[in-house]
Amino acid sequence: MKTLLSLALLGTLSAGAAVAQQTTGARVDFEASTGPVTVQSVQPPLPNASDYDATVAQLDKNGDGVVVRSEVPETHALASEFRLVDTDRNGRITDAELASWK
């Protein structure tokens, strides 16, 4: 049943796109056989986008030149991605590792 519904929706959207199409940025409006359809594909700005501009100097609270997990605020994007950024898995993030994250 889901497959049939998916195919019907795809067919409707495909047919409608050929009828009339107006593109404005990341928004597409077209007339489908069942009526007007608007497709908008916009990713909202990340609320913590500025976190990705952080430097080791900003996060390094004890001045040893690296960032450890306890130095990263819980609300910072790096808190949830620490293991991903710490590519050598030594529990410390260097300038080079942090630069690769951006």
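Across this predicted model, the chain averages a pLDDT of 80, and 75% of the residues score at least 70. Two stretches have a pLDDT below 50: over residues 1–9, where the model has zero contacts beyond near neighbours in sequence, and over residues 15–24, where there are 15 contacts beyond near neighbours in sequence. The points below turn to the helix α3 and to the loop that follows it, which lies between α3 (77–85) and β5 (92–93).

**The two sides of α3**

- Ala77, Leu78, Phe82 and Val85 are the residues of α3 that are named as buried, and they are on the same side of the helix because they cover an arc of only 135 degrees around its axis.
- An α-helix has 3.6 residues a turn, so residues three or four places apart point the same way.
- The other side of α3 carries Ser80, Arg83 and Leu84, which are exposed.

**What covers the buried side**

- The buried residues of α3 are covered by elements that include the helices α2 (56–59) and α4 (95–101), together with the strands β4 (67–68) and β5.

**Arg89 in the loop after α3**

- Arg89 is placed in the loop that runs between α3 and β5, and β5 is also among the elements that cover the buried residues of α3.
- Although Arg89 is not a glycine, it has a positive phi of about 55 degrees.
- Arg89 counts as exposed because its relative accessibility is 53%, and the cut-off for exposed is over 50%.

Methods:
Residues are numbered from 1 along each chain as its sequence is written. This is a predicted model: local features need pLDDT of at least 70, side-chain atom pairs count only at pLDDT 80 or more; totals for chains, interfaces and linings use all residues. Side-chain values use heavy atoms; hydrogens and water are left out. Helices (H or I, at least four residues) and strands (E, at least two) are DSSP runs, numbered from the N terminus. Buried means under 20% relative accessible area, exposed over 50%, partly exposed in between (1.4 Å probe, protein chains only). The arc is that of the directions from the helix axis to the C-beta atoms. Contact means heavy atoms within 4.5 Å. pLDDT is the predictor's confidence in each residue, from 0 to 100.
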